[in-house]
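I opened my notebook to look up how two chains meet and how the strands beside the meeting place are arranged. I wrote down each term with its cut-offs as I came to it.

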Amino acid sequence: MSFIPGQPVTAVVERIEIQKLRQDGNLILGFSIGGGIDQDPGQNPFSEDKTDKGIYVTRTSPGGPAEAAGLKVGDKIMQVNGWDMTMVTHDQARKKLTKKNEDVVRLLVTRKSLEDAVKKSMNPCYPRP
Amino acid sequence: MDTESTYSGYSHYSGRSRGSHRHGERSRDRHKSRSKDSRSEKSVTINTPPAEPLLGDSAVRGEQVQDDNWGETTTAVTGTSEHSLSQEDIVRITKDLEDSVGLDCRRYLTRTLAVILGLLVFLTPLAFLVLPHLLWQEKLQSCGTACEGLFISVAFKLLILLLAVWALFFRPARAGLPRVFVFRVLLAVLVLLFVASYWLFYSVRILDSQDENYQGIVQYAVSLVDALLFIHYLAIVLLELRQLQPCFSVCVTRSTDGETRQYNLGQLSIQRAALAIIEHYYCDFPIHNPALLSASKSRAAKHLAGLKVYNVDGPGNNAAAGLAHSQSRAMIAAAARRRDTSHNELYYEEAEHERRVRKRKARLVVAVEEAFTHIKRMQEEEQKKAPGDVMDPREAAQAIFPSMARALQKYLRTTKQQHCHSMESIQQHLAFCITNNMTPKAFLESYLTPGPTLQYSRNHWLARQWTLISEASVTSGLKDGTVFLLKCVDFSLVVTSKKIPYIQMSEEYIDPKSHKFVLRLQSETSV
């Protein structure tokens, strides 16, 4: 998940679609985000590279739409409905997620286990069962 | 000893207007219908003070309240009652007599010695120059131009030396100290030795051998004067410059009411430090008011009077020391256990006093402001036009004084300051304020807050005789932890000194371009 400045970023992503839930007049997704280019990346407990200023999922509320859709704590959100999330401020990310006229958000998230899974499957040493 | 002499100068200057004020007040209290009469402040009468001479601030023991009735209640008016002296006056007079005799001898002695030494030093180079001419005129080489140039230099250097020595040593002394000033004595000895050695050399090598080289002699005299100037420079450094850099911080506390100040002093001997502190005392400390201490004394007396210890076991049972020890222990234990309500009394008493003072102050401020409106400064043009009822400041002060006199006197009595201000001084101050276009608030400032001792009249400076009490020798220097006492008649000043610590400073360079910032926010938003 680290990037080289100036080079395109490649990552293995999972597509997650979350339906917003209407609760008390608000549309909620059921998770919390942290990070952003205006935040301190050293305090991020989930990132491998401590200079990574991307948006991470810090908490999912149990039984909420995010958990039901398969979002996990520690996921890095790469895109929200087509909007890039790797170079945004915290507030911009929040705004993209909480648009009132959208009922569903389609996220592209990445996590370490995805990379490992892909690497394992591509590795010819391990015989496939 | 209760020297709480409630005095104010008005008691004998009880002018008609004041009497009428009091009378008006009394009548108002008794007959409430006669309220109009009490407002007699507007009609002002000017009183000339009576011709009988009073002894400065002579104090009269007695209550002020009986002012108007004194004619009826006193049975005999003796000549001494108006010229009575308070305890303070007696002490002051004896002190004045004492100190004038002893120290003068010593001062004159030191002055004479200093003058003799100065003359010796001044005349020595001249003697060096003149003696060859007197003794072996024929053999002497004539003085060339270079030599005569040296004469001018000797003359001017001697003139500078004369002025410098006068400036440093011969100015009027500010104070009389108990011991001699060590550095001055050392310098005098040094100068004496120096001049003596020069004379020795001169008499052996020049007088005896009758040297013909006059230029050499003149140069010798010039070198003497140069060396004397250098010694004078050393004297300046030792006597004046050395104590300028602050080295010690002294804490001065007045023993009676705890007023504390801190000063920075340089390296001084204890007696000179004491002198500096006393000079600061006169300028900084508010005036010592013994009347304010009576409350705490009475409380202390009540504590002591509360318990009595009886020896039940009979005499001769225990050793005297053990008995006293156990007695005092018993008293302390009993006092601790006793349920004391004196703190309650103190609290309410202080609150009541505070309220009373504020009420009197409000009345005073209003009275003074009103009094000041009665006077207007006359302009130049008007002066020529109406020379009728024109008054100079003193008369104007006397004119408006009666209307504020009562309020001021009551306020001073409530704050126990009445012995500090005599009626004469108040009128003088009022005339001063009027002359300088001061507002009523400016006039009142000196009565509302107690000022430094110098502000009051000379006889309130009470002691100009101070005693220095110290365990270390008074000519030794100040050290860290030196404690000494400056005692005067009514109180003493406790002085402790602390050394200013040695400071080790290091430097750190910061590149101006290195100031960079980044946000350290850790917001977590739920979506």
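My entries below go from the conventions to the strands, then to the interface, and last to one lysine.

**Conventions.** I noted that this is a predicted model, in which local features need pLDDT of at least 70 and side-chain atom pairs count only at pLDDT 80 or more, while totals for chains, interfaces and linings use all residues. Residues are numbered from 1 along each chain as its sequence is written, chains are lettered from A and ligands numbered from 1 in the order in which they are written, and side-chain values use heavy atoms, with hydrogens and water left out.

**Strands of chain A.** I looked up strand S5 (residues 55-60) of chain A and found that five of its six residues are buried. Buried means under 20% relative accessible area, exposed over 50%, and partly exposed in between, with a 1.4 Å probe and protein chains only. Strands are DSSP runs (E, at least two residues), numbered from the N terminus, and two of them pair if DSSP finds at least two bridges between them. S5(A) pairs in the antiparallel sense with strand S4 (residues 31-35) of chain A over five bridges, and also with strand S6 (residues 76-80) of chain A, over two bridges. I followed Ile55(A), which is the bridge partner of Gly35(A) and stands opposite Ile77(A) in S6(A).

**Where chain B comes in.** Which strand of chain B pairs with S4(A)? I found that strand S6 (residues 524-526) of chain B does so in the antiparallel sense, over three bridges, with Thr525(B) opposite Ile33(A). Nine residues of chain B are in contact (heavy atoms within 4.5 Å) with 18 residues of chain A. The buried area, meaning the accessible area (1.4 Å probe) that two parts lose on being put together, summed over both, is about 1,200 Å², and carbon and sulfur atoms give 45% of that.

I then looked for a salt bridge, which is a side-chain nitrogen of Lys or Arg within 4 Å of a carboxyl oxygen of Asp or Glu. The rule finds one across this interface, and Glu524(B) forms it with Arg59(A), the closest N and O atoms being 3.5 Å apart.

**Lys76(A).** Is this lysine, found in strand S6 of chain A, buried or exposed? I entered it as buried, because its relative accessibility is 5%.

How values were computed:
Helix = DSSP H or I, 4+ residues; strand = E, 2+ residues; numbered from the N terminus.
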